[in-house]
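Please look over the chain below before reading on. The report then works through its helices, its buried residues and its charged pairs.

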Amino acid sequence: MNRLFRLGPVLRARKAQEDAARGAVIQSRQEIRDAQALVKRRQLDLAGADAPTEGTARAMVASMVARQSLAATLSGAHRMVTDAEERTREKVAGLADAAKRRRAVEMLAERHAEAVRRHDLTVDQNTIDEMAVTSKARNAARGVDAMNEERASALRQGSGTIADRAAAAAAREDAARETALAVAAQRPPIELADARNAIEAKRAQLLLAAKRPPEPAELEDEGHDDQGSRA
């Protein structure tokens with residue numbers, strides 16, 4: 001799934017358009033306030049310029065012309081207020097349209113983010129389920145191995161309880177001990193005193209042989225050996 005929102009640039013452009021429309025509305029409202037202030041000033045000017053009640057005809061005509069000019073300026077100020085209000089209504093409508101278009105793309109972005117979130121949750125859940133299945137299978141395999149080990153141990157040590165196996169082991173040890181004693185009983189006994197006497201007699205014979213003088217034949221053999229070695 002593509003995690004990047006493809007309409008991201010469009011959303012940024014819509015937000016920029018909305019910001020521009022909001023700025024235009026603010027400016028139009030400021031123009032309305034300026035036009036209204038101008039109207040107030042022109043009303044004060046017109047109220048201060050009273051029609052003359054005396055004087056020459058020329059002065060009276062000039063005064064009336066000035067009042068008409070002020071009245072025309074006041075009327076123009078009122079038109080400026082009306083025009084500024086009309087432009088403001090258009091700017092507000094443009095701002096509402098820009099906000100609506102921005103919101104449309106923003107909703108798509110929110111849907112995409114929700115889809116990504118659901119995809120991530122699904123992937124995480126699948127991973128957790130796979131880990132759970134793997135762990136379950138591993139535990140099951142370990143249980144089978146343990147069961148096989150227990151069976152093999154039972155075959156090696158024999159079936160039954162611990163007390164039975166201990167009694168069987170003791171019986172085997174007793175049987176081995178009895179067999180060893182029987183084999184030892186069949187061997188001929190060794191008398192240690194006779195063996196010691198024989199060793200001492202042999203030692204005495206060796207001492208006598210060492211002290212006895214050599215025989216003539218032995219001397220002749222030694223002389224021949226010496227001549228042969230000198231030759």
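The text below goes from the overall fold to single residues and then to salt bridges.

**Overall fold**

This is a predicted model. The chain has five helices and zero strands. Along the sequence, the pattern reads α-α-α-α-α. Helix α1 covers residues 8–48. Helix α2 covers residues 57–157.

How much of the chain is buried? Buried residues account for 12% of the 231 residues. The chain exposes about 18400 Å². Carbon and sulfur atoms supply 58% of that exposed area.

Contacts in the chain can be sorted by separation in sequence. Taking contacts between residues at least 6 apart, 83% join residues at least 24 apart.

**The nonpolar core**

Which residues form the largest nonpolar core? There are six: A35, L38, V39, L74, A77 and V81. Helices α1 and α2 each supply at least two residues of this core. As a general point, nonpolar side chains in soluble globular proteins tend to be buried together.

L74 is one of the core residues. Leaving out residues up to four places away in sequence, L74 touches V39, R42, Q43 and L46. Of these partners, V39 is itself listed in the core.

**Polar residues between the helices**

S28 lies in helix α1. Is S28 buried or exposed? S28 counts as buried because its relative accessibility is 4%, under the 20% cut-off. Beyond residues up to four places away in sequence, S28 touches A84, R87, T88 and K91.

T88 sits in helix α2. T88 also counts as buried, because its relative accessibility of 7% is under 20%. With residues up to four places away in sequence set aside, T88 touches S28, R29 and I32. The contact between S28 and T88 thus appears in both lists.

A71 is another residue of helix α2. A71 is partly exposed, with a relative accessible area of 33%. What separates A71 from D45? They are 26 residues apart in sequence and 9.2 Å apart in space, C-alpha to C-alpha.

**A nonpolar surface patch**

Not every nonpolar side chain is covered. L7, V10 and L108 form a nonpolar patch on the surface. Together they have about 200 Å² of accessible area. L108 is placed in helix α2. L108 counts as partly exposed because its relative accessible area is 37%, between the 20% and 50% cut-offs.

**Salt bridges**

How many salt bridges does a search of the whole structure find? The search finds eleven. In general, side chains of opposite charge can pair when their charged atoms come close. The table gives three of the pairs.

| Salt bridge | N to O distance | Helix and separation |
|---|---|---|
| R22 and E18 | 3.2 Å | α1, four residues |
| D19 and R22 | 3.1 Å | α1, three residues |
| E114 and R118 | 3.2 Å | α2, four residues |

R22 takes part in a salt bridge with E18. R22 also forms a salt bridge with D19. E18 and R22 are about one turn of helix α1 apart. D19 and R22 are likewise about one turn apart.

The accessibility of these three residues varies. E18 counts as buried because its relative accessibility is 7%, under 20%. R22 is partly exposed, at 35% relative accessibility. D19 is partly exposed, with a relative accessible area of 48%.

The pair in helix α2 is E114 and R118. Why are they about one helical turn apart? E114 and R118 are separated by about one helical turn because they are four residues apart in helix α2. E114 is partly exposed, at 27% relative accessibility. R118 counts as exposed because its relative accessible area of 54% is over the 50% cut-off. Elsewhere, salt bridges that share partners join E18, D19, R22, R102, R103, E106 and E110 into one network.

Methods
Residues numbered from 1 in each chain as written. Predicted model: local features only at pLDDT ≥ 70, side-chain atom pairs only at ≥ 80, totals over all residues. Heavy atoms only, no water. Patch = residues over 30% accessible without salt bridge, like charges linked within 9 Å, V, L, I, M, F, W, Y side chains within 5 Å. Areas by Shrake-Rupley, 256 points an atom, 1.4 Å probe, with all protein chains shown as cover. Buried < 20%, exposed > 50% of the residue type's maximum accessible area, 1.4 Å probe, protein only. Contact = heavy atoms within 4.5 Å. Core = buried A, V, L, I, M, F, W, Y, C linked by side-chain atoms within 4.5 Å.
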